Amino acid sequence: GKTIGAIRKSGLRIILDPNGGSSVGVWQKIVKRLKIKAKIVNAKPGEFKRLVEPNVESLAYLNKEIPKGNFAFAAGFDSDADRVEFVIDSKSKFAKEMGSVVNGNYVLALACEAILQGTKNQTVVTNDVTAYLVRDIIARYKAKMKEVEVGEMVVVEEMERQKSLIGGEGSNGGVIIPPIKCRDGILTTLLFLKLLSLRRKKLEDILEEYPKY
């Protein structure tokens, strides 16, 4: 609906690196459906061009690719795409201070902001080592944070009790969106696209507005 239209009109350009994993075909379909201006790299299924784990080292090459095509961000996935790491322009003010790979607590906060718009009185479930950054962001939408012990299933079980729209573990960037019962890198990326399309701001500028801990 409105969100799909906003993403299509945004003109956002992104890089997707599924690294030959299971999300290759999914992303090809999503890009076509949403008419996203995406550069998909390492897109041959079963062919792993980098280390399977997406992290600062394995995604370092993206620091050179982002400015070349004026990309809003790059997203690097592991083989089953439950994990995603986001890379922003390394020359931006935020990246110079906090690094070009977005910390997991910021990832969860951004995803929460994207999904909580238009809601109130929601409960976001996190583990007890998630930064209060998430608490501060969801408070803008009159939501509260419920902390549980570390562990994806512990978070999921409490989310079911609370009927949460979103939850996760900021300590590892895991974002969980029901009815899925584990973190989902693809949906997280789509939430980023939603937020940028509706806010009409650069990702690094939104991050710069966030409280720093």
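A salt bridge here is a side-chain nitrogen of Lys or Arg within 4 Å of a carboxyl oxygen of Asp or Glu. The exercises below apply to a predicted model.

**Exercise 1.** Determine which parts of the chain the salt bridge between R183 and D82 ties together.

*Solution.* Begin with the distance: the closest N and O atoms of R183 and D82 are 3.5 Å apart, and the two residues form a salt bridge. Next, locate the residues: R183 belongs to the loop between β8 and α8, and D82 to the loop between β3 and β4, so the pair ties together parts that are 101 residues apart in sequence. R183 also forms a salt bridge with E152, with 4.0 Å between the closest N and O atoms. Because E152 lies in helix α7, this second pair ties together parts that are 31 residues apart in sequence.

**Exercise 2.** Establish whether E113 and R140 are buried or exposed, and place their salt bridge in its context.

*Solution.* The side chains of E113 and R140 meet at 3.9 Å, N to O. E113 lies in helix α5 and R140 in the loop between α6 and β6, so the bridge ties together parts that are 27 residues apart in sequence. Buried means under 20% relative accessible area; E113, at 2%, is therefore buried. R140, at 42%, is partly exposed. Both residues belong to a network of salt bridges with R199, K201 and E209.

**Exercise 3.** Describe the sheet that contains β6 and β8.

*Solution.* The strand order is β6-β5-β7-β8, in an open sheet with mixed pairing. β6 and β8 are the edge strands, each pairing on one side only. Strands β7 and β8 run antiparallel and are joined by three bridges; E169 stands opposite G174 in β8.

Conventions. Residues numbered from 1 in each chain as written. Predicted model: local features only at pLDDT ≥ 70, side-chain atom pairs only at ≥ 80, totals over all residues. Heavy atoms only, no water. Pairing = 2+ DSSP bridges. Helix = DSSP H or I, 4+ residues; strand = E, 2+ residues; numbered from the N terminus. Buried < 20%, exposed > 50% of the residue type's maximum accessible area, 1.4 Å probe, protein only.
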